[in-house]
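Please walk me through this structure, from one residue out to the whole chain. I would like to see how its parts meet.

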Amino acid sequence: MIGIKATVPLEIILAAGLRPVDLNHLFITSNSPGKLVTQAETAGFSHNICAWIKGIYSTVINHGIREVIAVTGGDCSNTIALGEVLERRGVRVIPFEYPLDRSRETLQAQMESLRKELSTTWHEIEGMGSRLESIRAKLKRLDQLTYAKNVVTGLENHQFLVSSSDFNGNPDLFEKDLEQFLAKVQDRTPRTDEIRLGYLGVPPIFTQFYEFIESLDARVVFNEVQRQFSMPFGQVDIVEQYLQYTYPYDIGTRLRDIKEAINGRQLDGLIHYTQTFCYRQIYDIVLREVIPIPILTLEGDRPGPVDGRTALRIETFVEMLRARKGELV
Ligand code: SF4
């Protein structure tokens, strides 16, 4: 078992016969994620450190995870310090870096170093790449069923796509669940939600988020970062695949991806989720300057259900979009 703090070339981990565990999932799906945050604060993490970092620290300690891959370039600087603290707790921390300039040579060198560290071969990695590609194609189908056929909810879309960061540690089982789900939704009656939303930013720390939106006759039909986790880029070589992945690089390619979704998925509005104390909040400035449709920026701090204020803001936003749509037709 090897913990991952952010998306890394999964093909290398699986080819090495290891089981990847996305620490974000393990933290947020635990029985009491709030307690994990408090546990880290008791261990010395300050109030103004992002809750994901604190929850991941406690998750690694409580699960006795002995090896972690830390993304030290392309994720956040908190990860670097977290990795150093974990090393002091006896965890083997393997760094992995996405090059800011998106250089193919540099990324290839990073992947080569990870390959050596985990003792596998390029032949095995490429074989794993083809294996995962067939699952990625099915996830692409699930996404199409969400925005084109309208038979998949925003939550279902989120759950499958977000889990593709580690394929729940078992690609075969993941694929089986996915196939069963795809077979089941074929016969559903298409939804006719009035308002179509896009969700931008890191996955929400809130629970009941997608369900609340759907209670308002609205639906998320584009989960930006979760979709990126699924790498729906088709048959490209493995280095190219991780170059096309938008999340770790500059915002330029993210913007192109978002604009394509706005038109292709007929989005009425966007929800930009930001995490308290996360540097990625700053991108809100750029999004608001460039994106042509209304954006609601939300901020989440600690794990828990959507709070009253956030719920009211979502409700008002959806009502505004509904009125706007009425005026446009
Ligand atoms: S939400 Fe932001 S600060 Fe927190 S772990 Fe993710 S990138 Fe880092």
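Gln 108 counts as partly exposed because it has 16 C-beta neighbours inside 10 Å. The cut-offs are these: 20 or more other C-beta atoms within 10 Å of a residue's own make it buried, 12 or fewer make it exposed, and partly exposed lies in between, with C-beta atoms placed from the backbone. Gln 108 sits in helix α6. Its C-alpha atom is 9.3 Å from that of Glu 240, although 132 residues separate the two along the chain.

This is a predicted model, in which local features need pLDDT of at least 70 and side-chain atom pairs count only at pLDDT 80 or more, while totals for chains, interfaces and linings use all residues. Residues are numbered from 1 along each chain as its sequence is written.

Ser 103 belongs to the loop between β4 (92-97) and α6. With 13 other C-beta atoms within 10 Å, Ser 103 is partly exposed. It also has a partner far along the chain: Leu 243 is 140 residues away in sequence, yet 8.2 Å away in space, C-alpha to C-alpha.

Now step back to the domains. The protein is divided into domain 1 (2-122) and domain 2 (135-328); such bounds come from an automatic or database domain assignment. Their centres, taken over C-alpha atoms, are 23 Å apart. Domain 1 brings 30 residues to the contact and domain 2 brings 24 residues. Two residues are in contact if their C-beta atoms, placed from the backbone, lie within 7 Å.

Which elements give two or more residues to the side of domain 1 that touches domain 2? They are α1 (10-15), β2 (20-22), α2 (23-28), α3 (33-42), α4 (51-63) and α6 (104-118). Helix α6 gives the largest share, four residues. By class, this side of domain 1 has 18 nonpolar, six polar and six charged residues. Here Ala, Val, Leu, Ile, Met, Phe, Trp, Tyr, Cys and Pro count as nonpolar, Asp, Glu, Lys and Arg as charged, and the others, Gly among them, as polar.

The ligand comes next. Both domain 1 (2-122) and domain 2 (135-328) give residues to the shell around the ligand, so the ligand lies between them. The surrounding residues are Cys 50, Trp 52, Ile 53, Asp 75, Cys 76, Asn 78, Val 202, Gln 275, Cys 278 and Arg 280. A residue is near the ligand if its C-beta atom, placed from the backbone, lies within 6 Å of it. Six residues of the shell are nonpolar, two polar and two charged.

Under the surface is the core. The largest nonpolar core holds 83 residues, and Ile 56 and Leu 197 touch the most other members. Such a core is a set of buried Ala, Val, Leu, Ile, Met, Phe, Trp, Tyr and Cys residues joined through C-beta atoms within 7 Å. Helix α7 (residues 122-147) gives the most to this core, seven residues. Each of the two domains supplies at least three residues to this core. Leaving aside neighbours within four places in sequence, Ile 56 is in contact with Lys 5, Leu 23, Asn 24, Phe 27 and Leu 82.

Finally, the whole protein. It has 15 helices and ten strands, taken as DSSP runs (H or I, at least four residues, for helices; E, at least two, for strands) and numbered from the N terminus. Buried residues make up 41% of its 329 residues. Among contacts between residues at least 6 apart in sequence, 71% join residues at least 24 apart. The C-alpha trace spans about 60 × 45 × 35 Å along its principal axes.
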